[in-house]
Amino acid sequence: MKELEKEIFELECSHIQPDVRVSKEKLGEVLDDEFFEFGSSGKVWKRSDYNENHSLSPDEMEISGFKMDELGPEAMLATYRIFNKTTGASSIRSSVWKKRETGWKLFFHQGTLSQ
């Protein structure tokens, strides 16, 4: 795995950790100010939704089939599958990461339930 691909993979793994999912401070370190998400539930989330008391469920998840594609010198697309060990659900995921002054930030995310 190339260095940048490894860095983005580690960032993807970090924001699915149970302790990060329930912490607005820790999520704030990963999410871009302009972040938005099309959730597997069908709901659209914005960065501001995570500034209050909204937290994600602290489920245990596992990434497989990780792939990264360059969209430009400062934007990367990550695609992969997630298996939620807590609920038994599987989903296909895509994330767009943007390079910012403070490092790579999650700009866009989409989850689609799969079988």
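**Exercise 1. Work out which residues Asn84 touches once those up to four places away in sequence are left out.**

*Solution.* Start with the contacts: Asn84 touches Asp59, Glu60, Met61 and Ala89, where contact means heavy atoms within 4.5 Å. Before going on, a word on what you're looking at: this is a predicted model, where local features need pLDDT of at least 70, side-chain atom pairs count only at pLDDT 80 or more, and totals for chains, interfaces and linings use all residues. Residues are numbered from 1 along each chain as its sequence is written, and side-chain values use heavy atoms, with hydrogens and water left out.

Next, place the residue: Asn84 sits in strand β4. Helices (H or I, at least four residues) and strands (E, at least two) are DSSP runs, numbered from the N terminus. Finally, Asn84 has a relative accessible area of 9%, so it counts as buried (under 20%; exposed is over 50%, partly exposed in between, with a 1.4 Å probe and protein chains only).

**Exercise 2. Lay out the strand order of the open sheet, then walk through its antiparallel pairs from β3 to β6.**

*Solution.* Step one, the order: six strands run β2-β1-β6-β5-β4-β3, with mixed pairing. Two strands pair if DSSP finds at least two bridges between them. The edges are β2 (44–46) and β3, each pairing on one side only. On average, neighbouring strands are turned by 15 degrees against each other, direction ignored. Such angles run from 0 to 180 degrees between N-to-C directions, with axes as lines fitted to C-alpha atoms, for helices over the stretch in contact.

Step two, β3 with β4: nine bridges join these antiparallel strands, and Glu70 stands opposite Met76 in β4. The hairpin they form has two residues between them.

Step three, β4 with β5 (residues 90–100): nine bridges again, antiparallel. Ala75 faces Lys98 in β5, while Phe83 stands opposite Ser90. This hairpin has five residues between the strands, and Gly88 takes a positive phi near 80 degrees there.

Step four, β5 with β6: eleven bridges, also antiparallel. Lys98 turns up again, opposite Lys105 in β6. Two residues separate the strands of this hairpin.

**Exercise 3. Find out whether His15 is buried or exposed, and which residues it contacts beyond four places in sequence.**

*Solution.* First, locate it: His15 is part of helix α1. That helix (residues 3–15) lies across β3, β4, β5 and β6, at about 135 degrees to β3. His15's relative accessible area is 8%, so it is buried. Its contacts are Val20, Arg21, Val30, Tyr80, Trp97, Leu106 and His109. Take Leu106: 91 residues away from His15 in sequence, but 9.4 Å in space, C-alpha to C-alpha.

**Exercise 4. Identify which members of the largest nonpolar core touch the most other members.**

*Solution.* A nonpolar core is a set of buried Ala, Val, Leu, Ile, Met, Phe, Trp, Tyr and Cys residues joined through side-chain atoms within 4.5 Å. Here the core has 20 residues, and Ile8, Phe66 and Trp97 touch the most other members. Now for the suppliers: α3 (24–30), β1 (31–38), β3 (61–72), β4 (75–84) and β6 (103–114) each give at least two residues.

**Exercise 5. Describe the lining of the largest pocket and name the residues nearest its centre.**

*Solution.* On a 1 Å grid over the protein atoms alone, a pocket is an open set of points with protein on both sides within 12 Å along at least five of seven lines, and lining residues have an atom within 4 Å of a point. The lining has 24 residues, with Arg21, Glu37, Ser40, Leu56 and Arg93 nearest the centre. The elements giving two or more lining residues are β1, β5 and β6.

Terms used: 1 Å grid on protein atoms, 1.4 Å probe; cavity = no way out; pocket = protein on both sides within 12 Å on 5 of 7 lines; lining within 4 Å.
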